[in-house]
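The following paragraphs guide a reader who is new to this structure. Please keep the sequence and the three-dimensional view at hand while reading.

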Amino acid sequence: MHLIKIAILILPLISGCNNGLFSLGSKDEKKVPLPNISYDTHIKTIVNNRCIACHAEGKVGPFPLENYQQVAEFALPALSAIERGSMPPWSAKKDCREYKGDYSLSEEEKVLFRQWVDGGKKENGGDGTYQPKEIVDISLSRVDLTLSNSQPYQPKPAPDDTRCFVIDWPYEDAKYVTGMDVVPSNLALAHHASVYLGKPANAQFYKDKDLQNDGAGTGYPCSATMGVGKSSAIWIGGWLPGLTGFDFFFDSGILVEPKSTVILQVHYHKALLPDGKAFPPEDLAKDLTEIKIKIDDTVKRPGTLVTFTNPDWMVELEMKIPAGESSVTHNFSEKMTLIPNLIGQQFPLQGEIFDIMSINAHGHSLMKATKMSIIRADGSEECLVDAPNFDPDWQLNYIFEEPARVYPGDKIFLECQWNNSASAQAFVNGKRMDPIDVNWGDGAREEMCFGLMFVGEATTQ
Ligand code: HEC
């Protein structure tokens, strides 16, 4: 269930619609005949393009939308979800930037759906055939390697259990990771998963850590904020609620040296079970998270993941979100390349000019909006992502249509907004929890605010 849903008001009059089709919403609304829209000529194409990847038999959506009967039956909840902006789950606004694979509905399509419902949900006989914008498939296009822990892991009964599993990288020569899909097998318990790459020189360090805790193959306790034990480990991918695998695009990839170690970190959280019930330990299902990887021998543009956040939020706990407040905002700006070192991570790329190719904005259950941009040396701003209706259940990766170039004098701006009022709290055992003072932390009742950016060396300057 969504914790936060903010209504989006649809503009009754859509600009640029001068063909007479979109004449609803004016004062004499009742006198204007409804345009002739049917399932066959308009709605089927919209639903096939924007909904059935999930709303089909056997897919994640709770009901199918594969034929006229099904769409007509769910037409009212579908319209409501479309107008509220909760479905399709895509919170990055188009007027900030264009993204690959953007399956959100245009304003025009939202109006078409409303007019179809208001006009009696006709099956056929509409005017013309609707031509939608083509959507690029961003899902992982190839699986060359699947990695997982050697055996399933039984999460500990405490509310939060973050575990690091140690996995050998199998290749004997240098390779590039060019796409990834991380798939937890126990979605009811998983809160996040991160894939790190340990340097070849530290392989024994990770093996020893694994052995020191309950024997090889069952991993060791670790933490999202503190990483996996060595600051030289780099982050190469992961899973968050709603996120599915994708290619990195732009002929870019992350270099993996032979004899590297893959450290898979999975955070299990009990309070996220349906109804927030804490399961007794014997009922906790085991998890075996799989990492599916696309591999290439060469790329044009070596890349890396950069966690962009304010180190003072993380280290000094300066991200206060007081109990009861319905709108708390924190923001920050700094040079991109400075941040990894300040938060104990690496920035392994060469050069001074970089391209940001995608962003995954991360917060926990109270986060309701986030925004990132580049602030140029001359004060001008380039929007990277603007999600005024951020949905913590759908933490998607937004791949830019065109990379955003970062020059030496530029700074990155990051802003997050939270709702910590009584009505925004999650349910535990059927009861809404009371708001508490919140700050940065790994736990599901603590918060975070960062943008995970995929950054590459600029190919031409
Ligand atoms: C990426 C997968 C995905 C896509 C694309 C998607 N849905 Fe959903 N939808 C889900 C899942 C999962 C749920 C149940 C959990 C939830 O509510 O988030 C859901 C729930 C819903 C609900 C009930 C909850 C609510 O928010 O009202 C409606 C209605 C709905 N979808 C309609 C649609 C329509 C209409 C489209 C296309 C215009 C669409 N969905 C596209 C995955 C998807």
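How do the residues of the shell around the ligand divide into nonpolar, polar and charged? In this predicted model, 14 of them are nonpolar, four are polar and two are charged. The ligand has 20 residues around it, and those that come nearest are C51, C54, A78, M87 and P88. Helix α3, which covers residues 75–84, gives the most to this shell, contributing four residues.

Two of the nearest residues, M87 and P88, are also joined by a peptide bond of note. The bond from M87 to P88 is cis, and its omega lies near -15°. As for its place in the chain, P88 belongs to the loop between α3 and α4.

The chain as a whole may now be considered. It contains seven helices and 20 strands. Of its 461 residues, 39% count as buried. Among contacts in the chain with a separation of 6 or more, 85% are accounted for by residues 24 or more positions apart.

Helix α1 repays separate attention. This helix runs over residues 39–50 and has twelve residues, yet its end C-alpha atoms are only 14 Å apart. A straight helix, at 1.5 Å a residue, would reach 16 Å, and α1 falls short of that span. The buried residues of α1 are Y39, H42, I43, K44, I46, V47 and R50. Against which helices do these buried residues pack? Their partners are α2 (68–73) and α4 (107–118).

Two loop residues share a backbone feature. K121, located in the loop between α4 and β1 (145–148), has a phi near 55°, a positive value in a residue other than glycine. F249 likewise is not a glycine, and its phi is positive at about 65°; this residue lies in the loop between β7 (246–247) and β8 (252–256). Are these residues buried, or partly exposed? K121 counts as partly exposed because it has 17 C-beta neighbours inside 10 Å. F249 is buried, because 22 other C-beta atoms lie within 10 Å of its own. The reasoning rests on a cut-off: a residue is buried if 20 or more other C-beta atoms lie within 10 Å.

L147, a residue of strand β1, illustrates how parts of the chain that are distant in sequence meet. L147 and I293 are 146 residues apart in sequence, while their C-alpha atoms are 8.1 Å apart in space. When neighbours within four places in sequence are left aside, the residues in contact with L147 are I167, V262, I291 and I293. L147 counts as partly exposed because 18 C-beta neighbours lie inside 10 Å.

The account ends with a sheet. Strands of a sheet pair through backbone hydrogen bonds, either parallel or antiparallel. Here four strands form an open sheet in the order β12-β17-β14-β15, with antiparallel pairing. Why is one side of β12 and of β15 left without a neighbour in the sheet? β12 (328–334) and β15 (381–387) stand at the edges and each has a single partner strand, so one side of each has no neighbour there. From one strand to the next, the twist averages 10°. Within this sheet, strand β14 (residues 367–375) and strand β17 (residues 411–418) pair in the antiparallel sense over eight bridges. One position in this pairing can be located directly: A369 stands opposite Q417 in β17.

Terms used: Residues numbered from 1 in each chain as written. Predicted model: local features only at pLDDT ≥ 70, side-chain atom pairs only at ≥ 80, totals over all residues. Near = placed C-beta within 6 Å. Nonpolar A, V, L, I, M, F, W, Y, C, P; charged D, E, K, R; others polar. Expected span 1.5 Å × (residues − 1). Buried ≥ 20, exposed ≤ 12 C-beta atoms within 10 Å, placed from the backbone. Contact = placed C-beta atoms within 7 Å. Pairing = 2+ DSSP bridges. Axes fitted to C-alpha atoms, helices over the stretch in contact; angles between N-to-C directions.
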